[in-house]
Amino acid sequence: MSRLGNLGARLYRGEVGYDFVAKRMLWYGVSILITITAIVGLGVRGLNMGIEFKGGAVYTTPETTVSASKAEEIAEDAAGHDAIVQELGTGGLRIQVSGLDTKSANSLKDEIAAGIDVPVKDITAELVGPSWGEQIANKAWTGLAVFMILVVIYLAIAFEWRMALAALIALIHDLTITVGVYALVGFEVTPGTVIGLLTILGYSLYDTVVVFDGLKESAKDITKQTRYTYSEIANRSLNGTLVRSINTTVVALLPVAGLLFIGGGFLGAGMLNDISLSLFVGLAAGAYSSIFIATPLVADLKERDPQMKALRKRVLAKRAAATSKGEDTGRDDEAFTEVPEGATAGVVGPRGRRGRSTENRR
Amino acid sequence: MAAPKKGRRPSGGQGRPGRALALILIAMVALTGGMFWSGHTTPRLGIDLAGGTTITLKAKAQPGQEDAVNETNMNTAIGIIERRVNGLGVQEAEVQKQGTENIIVNIPKGTDEEQAREQVGTTAQLYFRPVMQIALSEPAAPQPSASGSPSAAPSPGASPKPSASTPGGQDEKATAPSPSATTQGRALTDALRKAPSPSASGGPSAAPSASESQLPAPALSPSSDPTADAGLQAKFAALNCADPKQRASIKGAKPADATVACGQNGGVWEKYLLGPAEVDGKDVDDAAGVLDPERGIWKVQLEFNDKGAKKFTEITGRLATQSPPMNQFAIVLDGEVVSAPSVDSPIPGGRAEISGSFNQKSAQDLGNMLSYGALPLSFEEQSVTTVTAALGGEQLRAGLIAGAIGLALVVIYLVVYYRGLSLIAILSLGVSAVLTYTIMSLLGPAIGFALNLPAVCGAIVAIGITADSFIVYFERIRDEIREGRTLRPAVERGWPRARRTILVSDFVSFLAAAVLFIVTVGKVQGFAFTLGLTTLLDVVVVFFFTKPLMTILARGKFFGRQHPWSGLDPKRLGAQPPLRRTRRVSVMTEPKEA
């Protein structure tokens, strides 16, 4: 517990130093594992598509004494299709009948009303033709494609193509995870889910952009020094913006969580719940990917750049020279994982007292 | 997203923070004032929150007419659907185009949804029916019954309707209740002529004589049933076309039955007693409003297909021999008489024209109606959502509670983490909330913005986006303090870089919202709109409220001295005392412009 408290305090002081970049292969592995699981889950279990995609009807009734199983019987008898009935927090029922078209769904409302003994006018009905979901999905794909293209262009201009590429990969990664979670858990996919999914786009990138912005700044004068390689700078910058990333994610998740649990608790499944669920999953994935995937990817891509290769060479040469002189600069990999003096984004170079402050805190 | 050019120099904006704050306060007061002045103090609620029915229709292109789904046809369809829905007596029904091929129909609660669905979804019905009787329908309630009763009284006698054999007598009875001037005027203004086509002059004499001898029997068979006719006569007598409810109630007659209908003539409602439909709207091949170059007047040209041409020849042949108003036929669209031209002579050959006191618009409108047989496109019902007002209210409540809880959680987190600084964040969130609410309320009447459930959801999600900007800025300030700066320089030095990050990330959010808004359909747009709006407002609030407030408070005691509870306590932040030799790190000393 004290360790956790310690981590909290260090986070507060902005002095965490985890070597995300050096351990990137671990996180790439984790991500690849998650992605494979997601794809397998998608292939094996598939997505549980809501009636909006299959065509059908959802009826929400006011408070009723009829039990869910009885209502299911009534609905199935009347419709000749499978029905799913859930009890809502309001005491009402949510009756979902799939495989209907909007025409036949209309008369079903009357039969259900009669069956569970509530006035027809108090029943809320959502009737969906089978091609409606297809249309929504098509639009969603278009939106996804357009957004990705625009955002890659924008990021390539605002930052550089490597960052744009890394951000895009992180984005696809988030979407895959989210879809995978839906496949594995079996949450229902509705237009609300699609909305949420599309919103993740913007949000996932928000975090990534915050991190990249810090990185861009830190790396500005990188070729003018010989202390750090690009990867090390990237890692420092990442650690520097870590608090920010965590805070923005927590703050973004809090309202969504409110939405998820209140929307869900109050009304059972519904639009609020659908949007917030996919947002919740996607936001968490987005925060993870911006830290563990996007930045290490940028570092990887950057290290292939001849300039950065040359820098790495110079840095390593200097370190080798220093070590042979017996002057331990404390900048081997082990020590580098602890960056005690507030790894502020943008700080290139040490600021003295490294050894002392490390001791103080241990 | 244009960023206001502020804070060009980190410490140069001494006099500005007050001005910026004043500006945003004025904006808030103005918006709030505007809200109360316009009387729209709450955002307009969407159907899913207020209750009602939403029908989404998708235009379907007929095979071989793939380019039929175009803007003109969509707009015509919207016009027709709007007329139909509002013909139900609903004033607030909304018909909107969404995307390129969808039409959304919003019908507020308290309307007969089933009827609305029937009206909206089906292709409109266009029929040509012979006119039996016409009467003026007075707007005042007692009047029509007075004028109707004389016509009702003689009707049983006339009910066998030997109209063809004794046209004169029938004529007198029919025209008696209605001021003859109207009928005559109508007959004169809307006259049906032979189209000046070569085929028209071909066999006029042969056709009428044939139809004359054959047709009376089939035409009379439905109306010769005395009981049905008496009922119809009574209905005709009681009909008051000035009442929209009554107009709606008489729609939907079967084509094979005689019926009553209403129609407007020069702003005056007239009621019609009509025979069974003789020609179907589907039999019209083409129709258009054109300018007659010789006479210099607007007319409507009609062209029938083979089947229609045959039937039209018959009906005109029969009608031409009768006297007014029985020589008229009514063009009935969706149960309403749009025109009732009289027939002078039989019109064979499938081409005809209607002339009268048309202007360009009325001629073209009628042409459109005739040629499209009603809707220019066929539509498929994509989804129908009916929400009871009770459930809508419940969902709104759930959304608001969720929002309040989300906001509370964010506030708690900010207070715990940022202590005194959270005050600035909370005030900024408050400003943001006021701006969002007032703008949403004002957008209702301005652009028809309606707050639906996804929009509420978007607003809640936006709390996070808005708070994110403060976090970015606060963390920047704290970074500066960790490096050993005192608060005032930290506030100024942290700003340019925080501003940059906020703008870049807000731009991405806004881009996502904009793309979502443009490409999506249905409810998603509300979500995207709210998200986009709040993202923009976030930029405004951060620039004009948070930053200036921070600058001012940094001068004060509590924050200025970096009180332990201010969230800026250097000790707690693990700050380093300023060290000269770190100056060599050029990145740090010169705050860079974004």
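Two strands count as paired if DSSP finds at least two bridges between them. I kept that in mind for this one, which is a predicted model.

**Entry 1, the pair I began with.** I looked up strand 2 of chain B and strand 3 (residues 102-108) of chain B. They pair in the antiparallel sense over five bridges. For a concrete example I picked Gln96(B), and its bridge partner in strand 3 of chain B is Ile104(B).

**Entry 2, the whole sheet.** Next I wanted to know which strands make up the open sheet and in what order. I found eight strands, with antiparallel pairing, in the order 3(A)-4(A)-2(A)-5(A)-15(B)-1(B)-3(B)-2(B). Strands of a sheet pair through backbone hydrogen bonds. At the edges I have strand 3 (83-87) of chain A and strand 2 (94-98) of chain B, each with a single partner strand, so one side of each has no neighbour in the sheet. The twist averages 15° from one strand to the next.

**Entry 3, a helix over the sheet.** I checked what lies across strand 3 and strand 4 (93-98) of chain A, and found helix 4 (residues 68-79) of chain A. The helix runs at about 155° to strand 3 of chain A.

**Entry 4, Ser383(B).** I picked this residue because it sits in strand 15 (residues 378-387) of chain B, and its relative accessible area is 6%. Is Ser383(B) buried or exposed? The cut-off for buried is under 20%, so with 6% Ser383(B) is buried. Leaving out residues up to four places away in sequence, I listed what Ser383(B) touches: Leu127(A), Val128(A), Gly129(A) and Trp132(A) from chain A, plus Thr54(B), Ile55(B) and Thr56(B) from chain B. I also looked at Lys58(B): it is 325 residues from Ser383(B) in sequence, yet 9.4 Å away in space, C-alpha to C-alpha.

**Entry 5, chain A overall.** I noted 13 helices and six strands in chain A. Of its 362 residues, 61% count as buried. The accessible surface comes to about 14400 Å², and 61% of that belongs to carbon and sulfur atoms. For contacts in chain A between residues at least 6 apart in sequence, 77% join residues at least 24 apart.

**Entry 6, confidence.** Chain A averages a pLDDT of 76, and 81% of the residues score at least 70. Where is confidence in chain A lowest, and where highest? I found the lowest in helix 13 (residues 354-361), at a mean of 39, and the highest in helix 2 (residues 24-44), at 89. Over residues 329-362 of chain A the pLDDT is below 50, and this stretch has 77 contacts in the model beyond near neighbours in sequence.

Methods
Residues numbered from 1 in each chain as written. Chains lettered and ligands numbered in written order. Predicted model: local features only at pLDDT ≥ 70, side-chain atom pairs only at ≥ 80, totals over all residues. Heavy atoms only, no water. Buried < 20%, exposed > 50% of the residue type's maximum accessible area, 1.4 Å probe, protein only. Contact = heavy atoms within 4.5 Å. Areas by Shrake-Rupley, 256 points an atom, 1.4 Å probe, with all protein chains shown as cover. pLDDT = per-residue confidence, 0-100. Axes fitted to C-alpha atoms, helices over the stretch in contact; angles between N-to-C directions.
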